[in-house]
Number of protein chains: 2
Amino acid sequence: MKLSTKGRYAVTAMMDLAIHDHQGPVTLADISQCQGISLSYLEQLFAKLRKEGLVEGVRGPGGGYRLGRPSSQISIAEIINAVDENIDVTRCLGNKDCHGGEKCLTHQLWEDLSGRLYGFLDNLTLASFINRPEIREVSRRQDTIASRIATMFPPRPTIGGTTVVAGAAC
Amino acid sequence: MKLSTKGRYAVTAMMDLAIHDHQGPVTLADISQCQGISLSYLEQLFAKLRKEGLVEGVRGPGGGYRLGRPSSQISIAEIINAVDENIDVTRCLGNKDCHGGEKCLTHQLWEDLSGRLYGFLDNLTLASFINRPEIREVSRRQDTIASRIATMFPPRPTIGGTTVVAGAAC
DNA sequence: TAATTCCCGACTGAATTACTTGGTATCTTA
DNA sequence: TAAGATACCAAGTAATTCAGTCGGGAATTA
């Protein structure tokens, strides 16, 4: 279990998808602009997320990324693991037994801690974050702003039946 | 909140101190040898831990490091924070408001998550790991092995009144 | 057909990690 | 008092990871 800004990028991007799930796919260009992450870097992260089935891509105009599963079935731990791919085995594990046969005590303790941490993050789903009323409220307000912008700036109000959302709302 | 191998090194080293607390200070040379971490790198980590009051150094022969407080009053979060010093502010925070005044929604959500994670790790103390009976048992067995080694190999059986522990037990 | 988007791989600068070297200061024991 | 053990300190360095750039496809929609 590792936790870096890379993992944070992935988690916040996934939250973005989860929030706008009902409006069709979200483009990486949007996320890139909103969160100030470079587009190509996001592409690399999403390649990993896609490999784990956490997201699915939709090509062509009106395309973007969607959650691979309902947000209630995606845990924070999964997201972090997908991008951080941290096998990070403690050094002495297969290496040499630290003191004649039994596994190094402190490494055992670390695995214990690591397991507890994973359990904690695996119990937190995307849904548990975005389904809180105050979040829903802000998100709803942004949708109306976004659709107002979408109607103010001209063309292509719908694509494939779903309403297009202006890129600025995040 | 960040979590890397650096943090892991610090946590396992602190667990080491906690386990051998009753036997007087533990030298960095011991920890270095046991856990396969370079001595000077450990020194750098311990400099930070010392700055936070988590450990205290004892110079001279028979010296080493001791916990700065009882293990029941040292949390995992404190240890990780001490060495990772990760201020890691989300990019848009003071920068520019993402959408006209209110704080970016996903960054708000991240802070929420980050806070929960910190809370979790702050509730885990060193003591909660090492005071479990099976750990105490292994640790006790190692002590006897260590003291047996200490009596087999000759000199300086005691320093300052406390029994010297051979370096190999970890 | 043209625009839009995902998809892919190679490369690059910057930061961080983990380690090295070469010291100095303080303490304990003989 | 001398010698050795240990913490303490600072500068430098190779390897790794982070984050981004570039230059292209391939699929989809209007």
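Helices here are DSSP runs of H or I with at least four residues and strands are runs of E with at least two, both numbered from the N terminus. With that numbering in hand, the tour moves through a predicted model, beginning with a loop in chain B.

**First stop: a loop in chain B**

Select B:S75, which is found in the loop between strand 2 (64-67) and helix 4 (76-84) of chain B. This serine counts as buried, because its relative accessibility is 5% and the cut-off for buried is under 20%. If residues up to four places away in sequence are set aside, the residues that B:S75 touches are B:L121, B:D122, B:L124 and B:T125.

**Second stop: chain A as a whole**

Now colour chain A by secondary structure, and seven helices and four strands can be traced. Read from the N terminus, the elements follow the order α-α-α-β-β-α-α-α-α-β-β. Chain A has 170 residues, of which 45% count as buried. When contacts in chain A between residues at least 6 apart in sequence are considered, 62% of them join residues at least 24 apart.

Switch the colouring to pLDDT before going further: the mean for chain A is 80, with 72% of its residues at 70 or more. Residues 150-168 of chain A call for caution, since pLDDT stays under 50 there, and the model has 19 contacts beyond four places in sequence for this stretch.

Within chain A, select A:V138, which lies in helix 7 (residues 133-152). A:V138 is buried, at a relative accessible area of 12%. A distance drawn from its C-alpha to that of A:E56 gives 26 Å in space, for two residues that are 82 apart in sequence.

**Third stop: DNA strand D**

Bring up DNA strand D together with the 28 residues that surround it, the closest being A:T5, A:S40, A:P61, B:P61 and B:Y65. What classes of residue make up the surface near DNA strand D? That surface has nine nonpolar, 12 polar and seven charged residues. At least two residues of the surface come from each of helix 1 (5-19) and helix 3 (39-51) of chain A, and likewise from each of helix 3 (39-51), strand 1 (55-58) and strand 2 of chain B.

On the DNA side, 67% of the atoms of strand D within 4 Å of the protein belong to sugar or phosphate, and the rest belong to bases. Three side chains are worth displaying as sticks here. An N or O atom in the side chain of A:R59 is 2.8 Å from a sugar or linking oxygen of DNA strand D. In chain B, the side chain of B:R50 has an N or O atom 2.9 Å from a phosphate oxygen of the strand, while for the side chain of B:Y65 the corresponding distance to a phosphate oxygen is 2.3 Å.

**Fourth stop: strand 1 of chain B**

From B:Y65, move to B:V55, one of the residues with which B:Y65 is in contact. B:V55 is in strand 1 of chain B and counts as buried, with a relative accessibility of 3%. Leaving aside neighbours within four places in sequence, the contacts of B:V55 also include B:M14, B:L17, B:F46, B:L49 and B:R50, together with B:R66, B:L67 and B:G68. The C-alpha atom of B:V55 is separated by 12 Å from that of B:E43, which is 12 residues away along the chain.

**Fifth stop: helices 1 and 2 of chain B**

Select B:T12, which sits in helix 1 (residues 5-19) of chain B and is buried at 2% relative accessibility. Its side chain reaches the backbone oxygen of B:Y9 at 3.0 Å. Apart from residues up to four places away in sequence, B:T12 touches A:T106 and A:W110 in chain A, as well as B:Q35.

B:Q35 leads on to helix 2 (residues 28-35) of chain B, where B:L28, B:I31, B:S32, B:C34 and B:Q35 are buried. Against which elements do these buried residues pack? They pack against helix 5 (105-123) of chain A, and against helix 1, helix 3 and strand 2 of chain B. Just after helix 2, B:G36 takes a positive phi of about 70°.

**Last stop: the cysteines at position 34**

Finally, select B:C34, buried at 11% relative accessibility, and then A:C34, buried with a relative accessible area of 10%. A search of the whole structure finds zero disulfides over all chains.

Conventions:
Residues numbered from 1 in each chain as written. Chains lettered and ligands numbered in written order. Heavy atoms only, no water. Buried < 20%, exposed > 50% of the residue type's maximum accessible area, 1.4 Å probe, protein only. Contact = heavy atoms within 4.5 Å. Disulfide = S-S within 2.5 Å. pLDDT = per-residue confidence, 0-100. Near = heavy atom within 4 Å. Polar contact = N/O pair within 3.5 Å; in protein donor to acceptor, adjacent residues only side chain to side chain. Nonpolar A, V, L, I, M, F, W, Y, C, P; charged D, E, K, R; others polar.
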